[in-house]
Amino acid sequence: MNISENISLRAYNSFGIDVQARYFSAFSDQDQLAELLGFSPAPPLILGGGSNILLTRDIDGLVLKNEIRGVGVVHEDEEHVYVRVGAGEVWHPFVLYCLERDWAGVENLSLIPGSVGAAPMQNIGAYGVEIRDVFHELEAYVIDEQKVYTFSANDCEFGYRESIFKGKYKDRVVILNVTFRLNKKPVFHTSYGDIRNELERMGVKDLNIRAVSQAVISIRQSKLPDPAKIGNAGSFFKNPQISNARFLSLKKKFPDIVGFANYDGSIKLAAAWMIEQCGWKGYRKGDAGCHAKQALVLVNYGNASGKEIYSLSEDIYKSVKKKFGVELEREVNVI
Ligand SMILES: Cc1cc2nc3c(=O)[nH]c(=O)nc-3n(C[C@H](O)[C@H](O)[C@H](O)COP(=O)(O)OP(=O)(O)OC[C@H]3O[C@@H](n4cnc5c(N)ncnc54)[C@H](O)[C@@H]3O)c2cc1C
């Protein structure tokens, strides 16, 4: 067991927040994990790529980085291939691995940072596709029972940036591996965002999953700040879901308000639009800011503390509530 003491977590979170972990280790299989858990009386902080967390304090206990690797086909039929992936694999290289083999389903999720194991935590989604669309099952170690359980898609209770792992099982599980059900024949999702325009700009004649992935990558690179250059964790807030009746009443007061219809008739409001209307886009105080191109993304320009970023998010929350009467919910896990 190799446990480091008093180490900076700056390199382990995409916000680049400099807090200390009292104890830090990595594990690459279940036995190592079980041994490390024996060392820690309190539940540890499990880290993947650190691209969906805001660290607001030093971690007094144990931080465990998931490095469980491996990708393998576990089953195949005429339509699908079932692929089990170690939770510590990095998401985007896994997407590229699928593209090389013509396995369809994850192309719209290209370039999302982070690990495979964290992807089901918030049911990652982008450009009209969510992980639940390709999810088959996962195995997770339940810490307080010291047992491994298999969770089906139903068990995971996926919702918009939600799963049971952010609810009932919060801080109680370590996801060990995820099995995806990928399509041998692609079903294209190109109506969302600028994908069609981008494909046209690229001059794509015969639609294929590599072209969709490339279009998504280009759009993302033009819109989102690169965490290697400016610390951030992607969208800081979720898009609030409200009833259609409430949307219509808001629309009377704010005719330009932006909302998208969900399948169930409810409306997903564009949080970025509301934040922008409150004047936050491009705002900066010290090293904490609201990105100039994408108001949903809070950024660390260098040496902001987690508390400063959190305090900015509080101010944004309050001003949106005051102006629109809508309560924003954080997508990022605040620790
Ligand atoms: C530039 C940028 C763009 C982004 N775009 C998107 C996007 O389009 N769509 C989207 O959905 N997200 C997006 N994100 C958010 C982020 O990439 C995803 O949420 C990603 O899945 C987080 O993975 P991670 O390994 O970095 O998780 P971490 O930040 O390490 O962890 C996130 C949470 O999951 C827990 N956790 C991590 N691994 C495990 C495990 N194996 N078992 C149990 N718990 C675990 C952690 O304790 C923490 O609570 C973006 C982030 C950035 C920086």
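A polar contact, as the term is used here, is a pair of N or O atoms within 3.5 Å. In this predicted model, that cut-off is a handy way into the ligand site. A polar side-chain atom of Ser51 sits 2.6 Å from one of the ligand's oxygen atoms, so the pair falls inside the 3.5 Å limit and counts as a polar contact. Gln122 also reaches the ligand through its side chain, with a polar atom placed 2.9 Å from a ligand oxygen. For Ile175 the backbone does the job: one of its polar atoms is 2.8 Å from a nitrogen atom of the ligand. On its own the ligand would expose 980 Å², and the protein buries 94% of that area. Several strands help to build the shell, and those giving two or more residues to it are β3 (45-47), β8 (125-126), β12 (173-183) and β13 (231-235).

Stepping back to the whole shell, 33 residues surround the ligand. Ser51 turns up again among the closest of them, together with Ile46, Gly49, Ser115 and Arg220. By class, the shell splits into 17 nonpolar residues, 14 polar ones and two charged ones.

Next comes the second largest pocket, with a volume of about 280 Å³. Its lining comprises 18 residues, and Gly48, Gly49, Ser51, Pro113 and Gly114 are the closest to the pocket centre. Two of these names, Gly49 and Ser51, are also in the list of residues closest to the ligand. The pocket lining is made up of five nonpolar, ten polar and three charged residues.

One of the strands that feed the ligand shell, β13, also belongs to an open sheet. Four strands make up this sheet, ordered β13-β19-β18-β17 and paired in the antiparallel sense. Because β13 and β17 (284-285) are the edge strands and have a single partner each, one side of each has no neighbour in the sheet. The link from β13 to β19 (residues 297-300) is antiparallel and consists of three bridges. Along it, Asn232 is found opposite Val299 of β19.

Another open sheet has three strands, in the order β14-β16-β15, again with antiparallel pairing. Here the edges are taken by β14 (241-242) and β15 (259-261); each has a single partner strand, so one side of each lacks a neighbour in the sheet. Two bridges hold the antiparallel pair of β14 and β16 (residues 267-269), and Ile242 has Ile267 of β16 as its bridge partner.

Elsewhere, β10 (residues 135-142) and β11 (residues 147-152) run antiparallel and are joined by six bridges. Glu137 faces Ser152 of β11 across this pair. The two strands form a hairpin with four residues between them, where Gln146 adopts a positive phi near 50°.

Finally, strand β2 shows pairing in both senses. With β1 (residues 4-8), β2 (residues 20-27) pairs antiparallel over four bridges, and Ser8 is matched with Gln20 of β2. With β5 (residues 59-66), by contrast, β2 runs parallel and is joined by six bridges. In that parallel pair, Ser25 has Leu64 of β5 as its bridge partner.

Methods
Residues are numbered from 1 along each chain as its sequence is written. This is a predicted model: local features need pLDDT of at least 70, side-chain atom pairs count only at pLDDT 80 or more; totals for chains, interfaces and linings use all residues. Side-chain values use heavy atoms; hydrogens and water are left out. A residue is near a molecule or strand if one of its heavy atoms lies within 4 Å of it. A polar contact is a pair of N or O atoms within 3.5 Å; within protein, one must be able to donate a hydrogen and the other to accept it, and residues adjacent in sequence count only if both atoms are side-chain atoms. Accessible areas come from the Shrake-Rupley method with a 1.4 Å probe; for residues, only the protein chains shown count as cover. Ala, Val, Leu, Ile, Met, Phe, Trp, Tyr, Cys and Pro count as nonpolar, Asp, Glu, Lys and Arg as charged, and the others, Gly among them, as polar. Two strands pair if DSSP finds at least two bridges between them. On a 1 Å grid over the protein atoms alone, a cavity is a set of points where a 1.4 Å probe fits but cannot get out, and a pocket is an open set with protein on both sides within 12 Å along at least five of seven lines; lining residues have an atom within 4 Å of a point. Grid points are joined across faces, edges and corners, and a volume is the space filled by probe spheres set on the points.
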